[in-house]
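Subject: Structure handover

Hello,

Here is the structure I promised you. Please open it and keep it on screen while you read on.

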Amino acid sequence: MGIVAGLDSSSEFTRIVVCDADTGAVLRQGYAPHPVEAKATEVDPQVWLLSLGEAAGGGLLEGVQAIGVSAQQNGLVPLDAQGGPVRPALLGNDKRAQVAAADLIDGLGGRQAWAEAVGCVPQAAQPVAKLRWLARSEPEAAQRIAALMQPHDWLVWQLLGRPARRTTDRGAASGTGYWSAGTGSYRPDLVELALGHPCALPEVLGPAEAAGTTPEGLLISAGTGETMAAAFGLGLGVGDAVVSLGASGSVMAVHHEALADPSGMITSFADATGMHLPVVHTLNAVRALRGTAELLGLGDLAELSDLAMKSTPGSSGLVLLPYLEGERTPQLPHTAGTLSGLRRESMKAEHLARASFEGMLCSLADAMDVLRSRGVEVRRVFLLGAAAELPAVQAAAPAIFAAQVVVPQPADYAALGAARQAAWALGVAQGTLSPQSPPAWQGAAVQVFEPGDELAVGQAVRQQYGATREQIHPGAFSFGG
C-alpha cells in the first residue's frame with residue numbers, strides 16, 4: 001500500500017518512525033530532543049516544530065504518503081482570534097491548577113456530577129483545570145483566548161498549514177475535562193464554567209478519518225494522545241490491560257464502553273480505535289522500590305531484585321503499604337507508607353526487598369480491581385517501564401495479577417501507533433481498508449509469563465496485603481480485594 005510515518009512529540013523529544021503501511025515493519029527512524037528543560041511546566045509550542053524539523057532531517061520522510069501524530073497529553077495551547085498563542089503552552093506536569101480543580105468540582109456540584117458529565121473528575125493536569133487557573137491567575141490573557149488546542153491538535157494544524165478547520169480525535173479530547181467519551185460530545189458549558197466565556201473547540205474526528213492533506217499531497221491522519229497511540233502501537237484489544245511502572249503507576253484496559261466513576265478513581269479515556277481506555281492511577285510504584293534500595297544501601301534496582309529473589313513469596317510476613325507520597329488509589333492523600341509484620345525472623349534485608357516488590361504489585365493489583373469491579377475483563381497484562389525487566393517483578397506479577405503477563409520489547413510504541421493510524425487513514429482514503437478495521441500489523445515482540453502453579457501463592461500474598469491495608473485503612477475500597 002505504501003510508506004507511512006508516525007511522529008511522537010513527547011515532553012522531552014520527538015521520535016519519528018517510517019513504516020511499511022501493510023506490515024508495520026520499521027524502515028527508518030528519526031530523533032531530536034526538545035531544546036527545553038525536562039521539568040518545564042510551560043513552553044513555546046514552536047519548540048515542538050523545531051524538534052520535528054530536526055527529527056525529520058536527512059530525507060527521512062522521502063516517499064512517505066501519510067503521517068500520524070501523537071503527542072504529550074494534558075497540554076493546553078490557548079489561541080487568540082488570529083490563531084496565535086496567547087501565552088506559552090501549559091504542560092501536563094504543571095501542578096499549579098490543584099486549587100482550580102477543586103473549585104471546579106464544587107462549581108458543578110461535586111465529583112459525581114463531573115463523572116457523569118465527562119467521565120472524570122478534574123485534576124490539576126487537565127486542560128479544564130488549567131483554564132480555571134488562567135482565568136484566576138492571568139485574567140487579561142484568559143480574556144484573549146478564542147480557541148483551545150492540545151499539543152497533537154496544534155501540530156496537525158501546523159503541518160496542514162493552519163487551515164480554518166481545526167481538528168482533534170476522541171483520545172485526546174477525552175483527556176480535556178470538557179469532552180465526554182460516553183456521549184461523544186463536548187460540554188462547552190464546562191469550558192465557560194472554567195474560563196468565563198466560550199471558546200472555539202476543534203472538531204473531533206473518527207479513528208480512521210484524515211485531518212487533511214498538505215499542498216504536497218501528504219495525508220495527515222487524525223492523530224491522538226501518547227497513551228492512546230501507545231495502546232494502538234502495542235495492538236491492545238479487549239481483555240488486555242497495561243500496567244505502567246514509573247515512579248507512579250497506572251493500570252489501563254481496553255473496554256467496550258465509557259465508565260463513569262463518582263469516586264474519581266477511574267478516568268474514562270477514549271482510545272484510537274473507537275473503543276475505550278479506562279485508567280486508574282497510583283501515586284507510588286517504582287518510587288517504593290527506589291526508597292527501599294536506598295534504605296538498604298543498594299546501588300540500583302537490579303541489586304534490590306537480586307536480594308528479593310533470596311526471599312520467598314509473602315516476604316516472611318512482611319507487608320509494605322507503599323503509600324510514600326500519600327495515595328490516589330485508594331484515596332488517601334495525606335497518609336504515609338506502612339511496614340507491617342515485623343518479627344525477629346522477618347527482619348532480614350531480603351524480606352524487606354521482596355516486600356517492596358510485592359507491595360508495589362499488590363497496590364497496582366488493587367487498582368486493577370477497581371476496573372475489574374466495573375466489569376472490565378483482564379486476561380493479559382502488559383508490563384511497561386524499565387522495572388518490568390527486573391526478575392523480581394517478572395517472578396511475582398503473574399500470580400499477583402492473576403493473569404498472563406507480557407513484557408514487550410522496548411520500542412517507540414506511541415510513534416508506531418501514530419504510524420498505524422496513518423496507514424489506516426491512507427487505506428480508507430484509497431479504498432483498501434474499512435473504517436471499522438485497522439491494518440493488521442504484527443504485534444509487539446514480547447516475553448510471556450504465566451501464573452501457573454503459583455496462582456494460589458500469589459493470591460495468598462494479596463490476601464495478606466489486603467488484610468493489612470484493611471486493618472490500617474479500613475473501608476479504603478468499597479469492593480473486595
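Below is what turned up, taken one topic at a time. Keep in mind that this is a predicted model.

**The sheet**

Start with the open sheet of seven strands. Its order is β18-β19-β17-β16-β22-β23-β24, and the pairing is mixed. Which strands sit at the edges? They are β18 (266–270) and β24 (446–449), and each of them pairs on one side only. From one strand to the next, the twist averages 25 degrees.

Now look at the β18 end. Strand β19 covers residues 276–282. It runs antiparallel to β18, and five bridges join the two. To find one pairing by eye, pick Phe269: its bridge partner in β19 is Leu277.

**Two crossing helices**

Two packed helices are described by the angle between their axes and the distance between the axes. Try this on α2 (residues 98–108) and α3 (residues 111–118). Their axes come within 7 Å and cross at roughly 85 degrees. An angle from 65 to 115 degrees counts as roughly perpendicular. The helices α2 and α3 are therefore roughly perpendicular to each other.

Which residues make the contact? From α2 come Leu104, Ile105 and Leu108. They meet Arg111, Ala113, Trp114 and Ala117 in α3. By class, this contact has six nonpolar residues, no polar ones and one charged.

**A mostly covered helix**

Go to α13, residues 391–401. How many of its 11 residues are buried? Nine are, so "buried" here meaning under 20% relative accessible area, the helix is mostly covered. Among the buried ones are Val393, Gln394, Pro398, Ile400 and Phe401. Right after α13 comes Ala402. Its phi is positive, near 55 degrees.

**A serine in a loop**

Ser10 is found in the loop between β1 (3–9) and β2 (13–20). Is Ser10 buried or exposed? Its relative accessibility is 5%, so Ser10 counts as buried. Leave aside its neighbours within four places in sequence, and Ser10 is in contact with His34, Gln72 and Glu226.

**Salt bridges**

Side chains of opposite charge can pair when their charged atoms come close. How many salt bridges are there? The count comes to 17. Three of them are worth a look.

- Glu138 pairs with Arg87, with the closest N and O atoms 2.6 Å apart. Glu138 lies in the loop between α4 (127–137) and α5 (139–143), and Arg87 in the loop between β6 (77–79) and β7 (89–90), so the pair ties together parts 51 residues apart in sequence. Glu138 is partly exposed, at 22% relative accessible area. Arg87 counts as buried, at 10%.
- Arg187 pairs with Asp189, with the closest N and O atoms 2.8 Å apart. Arg187 is partly exposed, with a relative accessible area of 27%. Asp189 also counts as partly exposed, at 37%.
- Arg462 pairs with Asp369, with the closest N and O atoms 2.9 Å apart. Arg462 lies in α15 (residues 455–472) and Asp369 in α12 (residues 349–372), so this pair ties together parts 93 residues apart in sequence. Arg462 counts as buried, at 10% relative accessibility. Asp369 is buried too, at 11%.

One last item is a network. Salt bridges that share partners join Glu42, Arg87, Asp94, Arg96 and Glu138.

Best wishes

Conventions: Residues are numbered from 1 along each chain as its sequence is written. This is a predicted model: local features need pLDDT of at least 70, side-chain atom pairs count only at pLDDT 80 or more; totals for chains, interfaces and linings use all residues. Side-chain values use heavy atoms; hydrogens and water are left out. Two strands pair if DSSP finds at least two bridges between them. Helices (H or I, at least four residues) and strands (E, at least two) are DSSP runs, numbered from the N terminus. Axes are lines fitted to C-alpha atoms, for helices over the stretch in contact, and angles run from 0 to 180 degrees between N-to-C directions. Buried means under 20% relative accessible area, exposed over 50%, partly exposed in between (1.4 Å probe, protein chains only). Angles under 35 degrees count as roughly parallel, over 145 as roughly antiparallel, 65 to 115 as roughly perpendicular and the rest as oblique. Contact means heavy atoms within 4.5 Å. Ala, Val, Leu, Ile, Met, Phe, Trp, Tyr, Cys and Pro count as nonpolar, Asp, Glu, Lys and Arg as charged, and the others, Gly among them, as polar. A salt bridge is a side-chain nitrogen of Lys or Arg within 4 Å of a carboxyl oxygen of Asp or Glu.
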